[in-house]
Amino acid sequence: MSRIEVTEKIVSTKVSKGLKWEDVAKKVGKSKEWTTALCMGQMTATPEQAKALGKIFGLTAEEQKWLQVVPYKGSLPTSVPTDPLIYRFYELVSVYGTTFKELIHEEFGDGIMSAIDFKMDMKREKDPNGDRVNIVMSGKFLPYKQY
């Protein structure tokens, strides 16, 4: 048994039951974005969250324990993503990464945007020219210290 196998079971069960991440998130008590990251193997569940997911996805006690293990984050199968949707985020950072960096440094100074103290909201935005994906990311600014 491994965390990857638990993730595969969750996704398989989600598909077979026709579940939506938003509905799963409501039962876990967290956002759909964070809950999806948890189910995809990128976050750590509390015992209560693991139990809730166990009920939804029919996970054994051992599988629920795997949800509580700190995962290896950022575990894409290749350094340059090959999945077209994920690749577009890679492309976005490749094209706009220096712009993000320049504007954040101009506004906040020398530091980084945290992916730990972070939240995200993703929603569909209706548009007559074709619906748009609206993603708002909010991370705490962490300045580099001088010592």
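## Two helices that cross

In this predicted model, helix 2 (residues 21-28) packs against helix 3 (residues 32-39) at an angle of about 95 degrees. Their axes lie 8 Å apart. Two packed helices are described by just these quantities: the angle between their axes and the distance between the axes. Angles of 65 to 115 degrees count as roughly perpendicular, and helix 2 and helix 3 are therefore roughly perpendicular to each other.

Which residues in helix 2 and helix 3 meet? Helix 2 brings W21, E22, V24, A25 and V28. Helix 3 brings K32, T35, T36 and C39. By class, this contact has five nonpolar, two polar and two charged residues.

## Helix 6: cap, bend and exit

Helix 6 covers residues 84-108. What caps the N-terminal end of helix 6? D83 does, with a side-chain oxygen 3.1 Å from the backbone nitrogen of L85.

Further along, helix 6 bends by about 60 degrees at Y96. Just after helix 6 comes G109, which takes a positive phi of about 105 degrees.

## The annotated span

An unreviewed UniProt entry carries the annotation "domain: Cyanate lyase C-terminal" for residues 75-147. In the model, the end C-alpha atoms of residues 75-147 lie 33 Å apart. That span is 34% helix and 37% strand.

## The whole chain

The protein chain has six helices and two strands. In what order do the elements run from the N terminus on? The order is α-α-α-α-α-α-β-β. Along its principal axes, the C-alpha trace of the protein chain spans about 50 × 50 × 30 Å.

Terms used
Residues numbered from 1 in each chain as written. Predicted model: local features only at pLDDT ≥ 70, side-chain atom pairs only at ≥ 80, totals over all residues. Heavy atoms only, no water. Axes fitted to C-alpha atoms, helices over the stretch in contact; angles between N-to-C directions. Helix = DSSP H or I, 4+ residues; strand = E, 2+ residues; numbered from the N terminus. Parallel < 35°, antiparallel > 145°, perpendicular 65-115°, else oblique. Contact = heavy atoms within 4.5 Å. Nonpolar A, V, L, I, M, F, W, Y, C, P; charged D, E, K, R; others polar. Bend = angle between axes of the 7 residues up to and from the residue. Polar contact = N/O pair within 3.5 Å; in protein donor to acceptor, adjacent residues only side chain to side chain. UniProt positions renumbered as here; feature names shortened; annotations may be inferred.
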